[in-house]
Structure formats: C-alpha cells, structure tokens
Amino acid sequence: MDFNIKTKVLFGFGIFFEKKNFSILKRKKVLILTNKLIFDLFLKKFTVLLNEINCSFVIIKLKDQEPLASSIDKKFKTINKKYDYIMAVGGGSVIDYAKAISIKISYPKDKIWNFASHNSSKQIKIKKKLTPVISVPTTAGTGSEVTPFSVVSNSKVAKGTIKSVKIVPKLSIIDPYFLIKLPKKIKFFTGIDALAHSIESFLSNKLKPKYIYKTSATSIFLIIKSFKKYFDGSIKECENLALASLLAGYSISNGGTAAPHAFAQSLGVIKNINHAESVAIFLKKVLDITNTRELNRINFEIKKLFPDQKKVNIKNEIAKIYKLIKIKKLKLLKKEKLMIYEDIKKNRLGSIKKYPINLNDQRIKSIIESVCK
Ligand SMILES: [Fe+2]
C-alpha cells in the first residue's frame, strides 16, 4: 500500500483536557465511541469542555473486547448517520470500531465483514467519502491512531483486516496522561505489541520508504530504554511509550507486520485471547530463531540514530522485558494447534514470507508447539 502520513497529531501531557485543542469540534455533531471504564475515568470532564464549545455529541460505550462484525452491523442501525466526526477514545479495538462505523455510514447496506481481507468472499473497495475519525488512544501499543487498518472479527470464520487510506484518522490526540494508571498487564502486552510492530516493519522485506527504518528503530529504542520504569509506574516514561507507539503505527502503515503477527492473528481466530497478548506470546519465540545478523541490522540503526548511547543488543533487552511478567503456556488441543497451522497456511502466508527467516511447515508447527504446555 502506498501510504503517506495523513493524520494530524497533537501530542502532549494533558492535551485531551485543553479546550484549545478541540476548536475543530466547535458547533459540530460528534459520535464518541469509548468503553465504560474510560467514560467513568475521563469523559465526564471532557463532556463539560464539549458543551462549552457548543459541540453536540452522542456517547456510545462499547462492550466488545475486539470489534465483532455482527455487532458493528447491528450497532450501526441504532445510530444517527449525520455526524461531522466520529471520535474514538480508547484502545485499539475502540479505534478500529470507529473506523468500521465510518465505513458503515457511507455503505449502510453492505456488511462490514465484506470490506475485510479474507478468502471467503469478494472484498469491497472503499471509494466513497467517509465520516472523518478522530483517534484518542488510551493505551500505548495499537498504532491504530494513525494506521489505515481496522481489524474486525467474524466469529464464524476468522479475523480480517480492512485496509484503506480512507480510514486513516484525520486527527489524533495523543495524551500520555491516559497511560499513568493503566494496569501493569495492559502496559506490558500493549507495549510488546508496539515493539512487535516496529521490529516486524523494520525486518519485513516489503518495499518501504527509507525513513521507516528510522521511525521503527527509534520506536524500538524508546521502548527498550523506558519499558521497565514505565511498567513500574514512572509517569515520565509514559511519554516515551506513547511516542514509541505512534512511531510504530507509522512504521506498520508502510512496512506492514510479519510473522509474529501472523501467528498471533491465527491464534486469535480460535481462542478468545486479545490481540496484544497473542502477539506477546509469539514475538519472543520468533525472535529466538531469527538470525543474529538480522537483529544486528536493528542494533546498528539504533547506534546510528543515537551515537551517544551505549551500544544496544535488542535480543538481550527484550529478554529482560519478558522477565517482567510470566506468560502462561497455552493449553491447546491437537485439533486447535492444527487449526492455527491451517489458518496460517490459508490466510497469512504473505506475512510469513515477509519475515527474513525460512518458516517452512516444520518450523511453523514447532513455533505453535513451543507456546503450548
Ligand atoms: Fe498489533
């Protein structure tokens, strides 16, 4: 996909609560998607701000853990269609949901699943103008705040990704303040997801602009440098993680994801494990069998970008990060392991081939085996 950075980004501590950043919403109609926890913690104060600028808004508190195609089609029927903006305040799922709703508003008769890339039916290309999305990420990991992707799932078939420059958010308000009180588990898994986005887009053999090596290596460096303190509660490091997630989002928009995400997405098809956790389960396993020469390319790029810093060895640093939490081995039936393998072979070989190691059938099977009890 030929993609340039199209999102205007406002970045800084506390910016979500400053009126001046929302002049775009003055006297506009806005649909706000969020979840109950975020609403209770942050949105009550925000609605006062919206009233002051005469913005009329409707808030929907989503319950789904990850956007389900049937739920998007159903929810869409209950909403008014004439909004100036759709604002997503939440993690990757909420932002992906908002992108999907923006498509539905312009294509009310089509099922959202038919816009996703999967093998079961013909994919509809988005040509019409969509209601612009404003993303306000409340975790550091998804990258969805600036990407042209929306992941939706169809419980009967699989997970699919909608890819279109038309769903790239118009504006992203990135406020590291949201990260301060995140539970440690969420900090860990979403942080690893961002790390995976950067590593995979750096190493993927997809043709990409040269600056992507710099955005992804900077993101990796920021995560390695700040992760432990961020995980332990340092407020200062929240900014580095939010920035790393943003840069990782830019990186996958151009470089795409590769093998670790392919494994994670196939696992997500058969088990109800959220995206970031699935990625964390597989990232380290794939890195363990990645050629040192490939990982050194990242080490060298980091050294080039930050010559005053101590030389880094990302493999060692990532091993230290993984010691912060115990990732449980999966309990999978033989049948389920086979389903993951078959889903990879059927739907994700493109991502597998983009990764710079030869992942033959035997290796794919042994990686699946290695994450199980
Ligand atoms: Fe991801």
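## Helix α10, the iron site and a few local details

In helix α10 (residues 314-322), the buried residues are I314, I318, I321 and Y322. These residues sit on the same side of α10, because they cover an arc of only 95° around the axis. The model you are looking at is a predicted one. Among the elements that cover the buried residues of α10 are α4 (184-203), α5 (211-231), α8 and α9 (292-305). At its N-terminal end, α10 is capped by N313, with a side-chain oxygen 3.1 Å from the backbone nitrogen of K315.

Next comes the metal. Which residues coordinate the iron ion? The donors are D193 through OD, and H197, H261 and H275 through NE2, at 2.1 to 2.2 Å. Along the sequence, these donor residues follow the spacing D-x3-H-x63-H-x13-H. H261 belongs to helix α7 (residues 259-270) and H275 to helix α8 (residues 275-288), so this pair ties together parts that are 14 residues apart in sequence. H261 is buried, with a relative accessible area of 2%, whereas H275 is partly exposed at 22%.

Why is the site of the iron ion classed as irregular? The angles among its four donor atoms run from 87 to 171°. A tetrahedral site would need all angles between 85 and 135 degrees, so the upper end of that range rules this class out.

Helix α3 (residues 92-106) offers a simple check on geometry. At 1.5 Å a residue, its 15 residues should span 21 Å, and the end C-alpha atoms are 22 Å apart, which agrees. Of those 15 residues, 14 are buried, so α3 is largely enclosed by the rest of the structure.

Over in strand β6 (residues 149-154) you will find S153. Is S153 buried or exposed? With 12% relative accessibility, S153 counts as buried, because the cut-off for that class is under 20%. Leaving aside neighbours within four places in sequence, S153 is in contact with P67, L68, A69, W113, A158 and K159.

Finally, here are two loop residues with backbone angles to look at. R27 and N54 are residues other than glycine, with positive phi values.

| Residue | Phi | Loop |
|---|---|---|
| R27 | near 55° | between β1 (8-11) and β2 (29-35) |
| N54 | near 55° | between α1 (36-52) and β3 (56-62) |

R27 also counts as exposed, at 62% relative accessibility.

Notes: Residues are numbered from 1 along each chain as its sequence is written. This is a predicted model: local features need pLDDT of at least 70, side-chain atom pairs count only at pLDDT 80 or more; totals for chains, interfaces and linings use all residues. Side-chain values use heavy atoms; hydrogens and water are left out. Donors are N, O and S atoms within 2.8 Å of the metal (3.2 Å for Na, K and Ca); water is not among the atoms, so sites may look incomplete. Four donors count as tetrahedral if all angles lie between 85 and 135 degrees; four count as square planar and six as octahedral if opposite donors are over 155 degrees apart and all others between 65 and 115; anything else is irregular. Helices (H or I, at least four residues) and strands (E, at least two) are DSSP runs, numbered from the N terminus. Buried means under 20% relative accessible area, exposed over 50%, partly exposed in between (1.4 Å probe, protein chains only). The arc is that of the directions from the helix axis to the C-beta atoms. Contact means heavy atoms within 4.5 Å. A polar contact is a pair of N or O atoms within 3.5 Å; within protein, one must be able to donate a hydrogen and the other to accept it, and residues adjacent in sequence count only if both atoms are side-chain atoms. The expected span of a helix is 1.5 Å times one less than its number of residues.
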